[in-house]
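Welcome! Take a moment to look over the chain before you start, and keep the view open while you work through the exercises.

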Amino acid sequence: MCVNIEIMPLFRITVKTAKNSNGIRIEKGMSVEVVTSSTSSNPLTTNGGQLVADAFMRIYGIDAKKAGILSTVYLDVQRIG
């Protein structure tokens, strides 16, 4: 019996610089980890960064979309797995 195992990449997204925007404070060094279903996709550019936004909401209670940080200007994306 042959089993295909699909490996889903893990990304760490880290805030590069502190920011105050729309009443939301983002601190340098805050980070979240997300798993994507595509091996070549950047979680910031896939589906409008929804996975990243969901992770920031889940971990910090921060609305990353409202804060306007869903870009590589504010976030560093590293594939870690």
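The exercises below go from the whole chain to its sheet and then to single residues; keep in mind that this is a predicted model.

**Exercise 1. Find how many helices and strands the chain has, and in what order they run.**

Solution. Start by counting the elements: there are two helices and five strands. Next, walk along the chain from the N terminus, and you will read β-β-β-β-α-α-β. In that order, four strands come before the two helices, and one strand follows them.

**Exercise 2. Describe the chain as a whole: its box, its buried share and its surface.**

Solution. Begin with the box. Along the principal axes, the C-alpha atoms fill roughly 55 × 20 × 15 Å. Then turn to burial: the chain has 81 residues, and 33% of them count as buried, the cut-off being under 20% relative accessible area. Last comes the surface, where about 5000 Å² is exposed and carbon and sulfur atoms supply 51% of that area.

**Exercise 3. Work out the charges: how many positive and negative side chains are there, and how far apart are the centres of the two sets?**

Solution. Count the positive side chains to get 9, then the negative ones to get 6. The centres of these two sets are 6 Å apart.

**Exercise 4. Build the open sheet: which strands form it, and which of them are at the edges?**

Solution. First, pick out the three strands and put them in the order 4-1-5, with antiparallel pairing. Strand 4 (31-35) and strand 5 (75-79) are the edge strands, since each pairs on one side only. Neighbouring strands here are turned by 25° against each other on average, direction ignored. Now add helix 1 (residues 50-60), which packs on the sheet and touches strand 1, strand 4 and strand 5. The direction of helix 1 makes about 130° with that of strand 4.

**Exercise 5. Follow strand 1 and find which residues are the bridge partners of R12.**

Solution. Look at one side of strand 1 (residues 10-15): five bridges join it to strand 5. On this side, R12 has Q78 as its bridge partner, and I13 has V77. Now go to strand 4, which is also joined to strand 1 by five bridges. There the bridge partner of R12 is E33. R12 is thus bridged to Q78 in strand 5 and to E33 in strand 4.

**Exercise 6. Find what share of the contacts between residues at least 6 apart in sequence joins residues at least 24 apart.**

Solution. Take the contacts between residues at least 6 apart, then keep those at least 24 apart: the share is 58%.

Terms used: Residues are numbered from 1 along each chain as its sequence is written. This is a predicted model: local features need pLDDT of at least 70, side-chain atom pairs count only at pLDDT 80 or more; totals for chains, interfaces and linings use all residues. Side-chain values use heavy atoms; hydrogens and water are left out. Buried means under 20% relative accessible area, exposed over 50%, partly exposed in between (1.4 Å probe, protein chains only). Contact means heavy atoms within 4.5 Å. Accessible areas come from the Shrake-Rupley method with a 1.4 Å probe; for residues, only the protein chains shown count as cover. Lys and Arg count as positive and Asp and Glu as negative; His and the chain ends are not counted. The place of a charge is taken as NZ of Lys, CZ of Arg, CG of Asp or CD of Glu. Two strands pair if DSSP finds at least two bridges between them. Axes are lines fitted to C-alpha atoms, for helices over the stretch in contact, and angles run from 0 to 180 degrees between N-to-C directions.
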